[in-house]
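Welcome to this short tour of charged side chains. Open your viewer, turn on side chains, and follow the stops below.

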Amino acid sequence: NSGLMQGKRGVILGVANNRSIAWGIAKACHAAGAELAFTYQGDALKKRVEPLAAEIGGLVLGHCDVTDAATIDAVFAVLKEKWGKIDFLVHAIAYGEQLEGRYVDTTQENFSKSMLISCYSFTAVAQRAEKLMTDGGSLITLSYYGAEKWMPHYNVMGVAKAALEASVRYLAADLGEKNIRVNAISAGPIKTLAASGIGDFRYILKWNETNAPMRRNVSTEDVGGSALYFLSDLSRGVTGEVHHVDSGYHVLGMKRPDAPDI
Ligand code: NAD
């Protein structure tokens, strides 16, 4: 226990299983002394989240599906009753369909749903978190490089992540005077449940591994380490940032000539 997060309490949305990025962040926060609360989406994930939360003495607030605002209010009501205030929040939630083929074929229904779950939900939880962050606080969300550049199959998610990154800047501007900071981590590809819905994901992983400056992919623990900086007072002067945790992949302009063919 480094003590970096001693005395801090926070809520983590988006644990599906032990491969989730949210879980990597939770482990890092716990090891640094934070107290954590979790939500789950539906009964199937409840069975996964409860034992994980128990492992680190975490609180389970209940079911939260961000498409149903009443369930967001319900978990924040539990949080208010149990803790009164919070210091940080992690938003690691995304959903999109049609993640292969062409973006141009995106339906309005898929577009609206993906934007609601992958973008607006961060604003929705920020509204509730603001009321509980009475001594200031730190919010983070997870993004991907597909927000900035075309990536194969990322389609509607790329558009939603671009909007999410823009919302980080607007939320940072609104909440800064209350000493509430808002940042995003743009993670490199990691094999998680959500990632399994993306076409050719194995190829994307291999491409990143062979081309990234560090010649490796990142782990959920790598993301957890960087999240700790944003959630702790170490980053007290930082807000509105989109920070890449991707082995440096984002600096590349093209394939490395020495990268092996894959
Ligand atoms: P994951 O499948 O472990 O987590 C995704 C979470 O989103 C799940 O816990 C799921 O319950 C939740 N979710 C989806 N729809 C929801 C809804 N309607 N209401 C409430 N929760 C809902 O996958 P992950 O890769 O850890 O994803 C976490 C975040 O990281 C996402 O925002 C994802 O886009 C982002 N990200 C992932 C990668 C990657 O390669 N895995 C890279 C960059 C960014």
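Does K8 count as buried or exposed? K8 counts as buried, because its relative accessibility is 15% and the cut-off for buried is under 20%. Keep in mind as you explore that this is a predicted model.

**Stop 1: K8 and D233.** Keep K8 selected and add D233. Their side chains form a salt bridge, with 3.1 Å from N to O. This pair joins distant parts of the chain, 225 residues apart: K8 lies in the segment before β1 (9–13), while D233 sits in the loop between α7 (220–231) and β7 (242–245). Unlike the buried K8, D233 is partly exposed, at 45% relative accessible area.

**Stop 2: K27 and E221.** Now select K27 together with E221. Here is another salt bridge, whose closest N and O atoms are 2.8 Å apart. Again distant parts of the chain are linked: K27 belongs to helix α1 (residues 21–31) and E221 to helix α7, with their positions 194 residues apart. Both partners are partly exposed, K27 with a relative accessible area of 30% and E221 with 45%.

**Stop 3: R256 and D258.** Next, select R256 and D258. The closest N and O atoms of this salt bridge are 3.2 Å apart. D258 counts as exposed, because its relative accessibility is 52% and exposed means over 50%.

**Stop 4: a network.** Finally, select K85, D87 and D135. These three residues are linked in a network of salt bridges.

How many salt bridges does a search of the whole structure find? The search finds 13.

Technical notes: Residues are numbered from 1 along each chain as its sequence is written. This is a predicted model: local features need pLDDT of at least 70, side-chain atom pairs count only at pLDDT 80 or more; totals for chains, interfaces and linings use all residues. Side-chain values use heavy atoms; hydrogens and water are left out. A salt bridge is a side-chain nitrogen of Lys or Arg within 4 Å of a carboxyl oxygen of Asp or Glu. Helices (H or I, at least four residues) and strands (E, at least two) are DSSP runs, numbered from the N terminus. Buried means under 20% relative accessible area, exposed over 50%, partly exposed in between (1.4 Å probe, protein chains only).
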